[in-house]
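Open the model in a viewer and keep the sequence panel visible. The stops below give what to select and what is there.

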Amino acid sequence: MPLNITGGGIPETHEFRFKVSQMFMAMGSLRDGTNDIDNADILGSANGTTFAVAPEEMRTYMTMGSVAYSFTDDFAMMAMMSYIRNEMDMEFNGALQGSTGTRGFTMTSDGQSDLTVLGKYRFFTDDHLAPTKQASVLFGLSLPTGEIEKEFTNNPVAGQNGTIHPFKMQTGSGTVDPIIGFTFQGSTDPWWYGANAQLEAHVYDNDQGYRRGSELRYDFYVMHQVHHRFVLLGELQGWYEGTFSREPYRGRILGEGHAGGNPNSGFLSPLFDPQNYGGHKVAVSLGFQFQPIPLHILELVATLPIHQDLNGPQLRDDYMLQLTYYVEFPTKNSRRHKGFKPPKELGF
């Protein structure tokens, strides 16, 4: 199955696998619902309808690492973590452009993400060693190793540095979140296909007194082996994500992110409104997998959105690229160590 899917790339029994990915995602311009809007439509005074600052574009760089081990033919455990860097170009209204002498600035944040620990249990298969149909459940937790109090450091507006960043500039959720999923995999040589669904729920408030919206992801994929070392893949992916429950303490009580530092005044940017997040997105991905040597796989995937229905004014997805390297390490207890040679052909 594609390596960019959570739970993809399960090693053989009693073997480890390591996976490293580099992702780049570009976002912009603004969208409200299914309609694109201009920054000029929402820039003005911070009165609840218009804002003093509006986002223009965003770039996210994410380096992901994960490790997995299969204890039996049917049960594997995996852990994954990322390092994220966010860069968001912001545009000022006319008053702030006049007082700061600049059109805007680039808001940045970086740091480690939350840690995800998952188990994968295969409850159905038509053959343990060479299945053509199999189904599994995913279950686990997202642990709060990321941060939820990232602050401005380069804002040219007086008094803003040291105040809290908007929600999606934070690198963590601040909560322990349950994850459950389902995956089906099938094959008819030289084709592979499958479907996946995964829910990450956010069921209680973090230390800042809010929670992220729960997220449901689904994915359908098909793969075609065109050479013994080369496979083409295509995916249809979707995401449902809810809004944030409410402002952080530093916003709703201390007034950070509000005009004049007053929590009863309008938001300085739509990014501080917890209702301007989430929605429904659908995208298509095309890519390939290449096996340079046995037990090693290189995957490159490009993703383009085909539908985005977003809650409130927020940046829409533009495109995403992800490069992944995957390698397996047999242990002395694995079948391959006991006499099975590594496959010369790329297989799944």
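**Stop 1: before the opening strand**

Select His14, which lies in the segment before β1; helices (H or I, at least four residues) and strands (E, at least two) are DSSP runs, numbered from the N terminus. His14 is not a glycine, yet has a positive phi of about 60°. Its relative accessible area is 26%, so His14 is partly exposed; buried means under 20% relative accessible area, exposed over 50%, and partly exposed in between, with a 1.4 Å probe and protein chains only. This is a predicted model, in which local features need pLDDT of at least 70 and side-chain atom pairs count only at pLDDT 80 or more, while totals for chains, interfaces and linings use all residues. Residues are numbered from 1 along each chain as its sequence is written, and side-chain values use heavy atoms, with hydrogens and water left out.

**Stop 2: the backbone exceptions**

Most residues other than glycine have a negative phi, and most peptide bonds are trans. Go to Leu295, in the loop between β12 (279-290) and β13 (296-330). Leu295 has a positive phi, near 80°, and counts as buried at 16% relative accessibility.

Next, select Gly28 and Ser29: the peptide bond from Gly28 to Ser29 is cis, with omega near 10°. Ser29 belongs to strand β1 (residues 15-33). Then select Asp189 and Pro190, which are joined by a cis peptide bond with omega about 10°. Pro190 sits in the loop between β8 (177-188) and β9 (191-200).

**Stop 3: the second largest pocket**

Select Val53, Leu96, Asn155, Gln160 and Leu268. The second largest pocket holds about 180 Å³ of space. Of the 18 residues lining this pocket, those five are the closest to its centre. Pockets and cavities are found on a 1 Å grid over the protein atoms alone: a cavity is a set of points where a 1.4 Å probe fits but cannot get out, a pocket is an open set with protein on both sides within 12 Å along at least five of seven lines, and lining residues have an atom within 4 Å of a point. Grid points are joined across faces, edges and corners, and a volume is the space filled by probe spheres set on the points.

Now colour β4 (75-92), α1 (94-100) and β5 (104-112), each of which supplies at least two residues of the pocket lining. That lining has 14 nonpolar residues, four polar and no charged. Here Ala, Val, Leu, Ile, Met, Phe, Trp, Tyr, Cys and Pro count as nonpolar, Asp, Glu, Lys and Arg as charged, and the others, Gly among them, as polar.

**Stop 4: the second largest cavity**

How many cavities of 30 Å³ or more does the structure hold? There are two, and the second largest has a volume of about 90 Å³. To see its lining, select residues including Ile148, His165, Phe167, Tyr210, Glu247, Glu256 and Phe272. The full lining divides into seven nonpolar, three polar and two charged residues.

**Stop 5: the whole chain**

Zoom out to the protein, with its two helices and 13 strands. The radius of gyration (over C-alpha atoms) is 22 Å, close to the 20 Å that the globule rule (2.2 Å times the number of residues to the power 0.38) gives for 348 residues, so the protein is as compact as a globular protein of that length. Along the principal axes, the C-alpha atoms fill a box of roughly 75 × 35 × 30 Å. Of the 348 residues, 51% count as buried.
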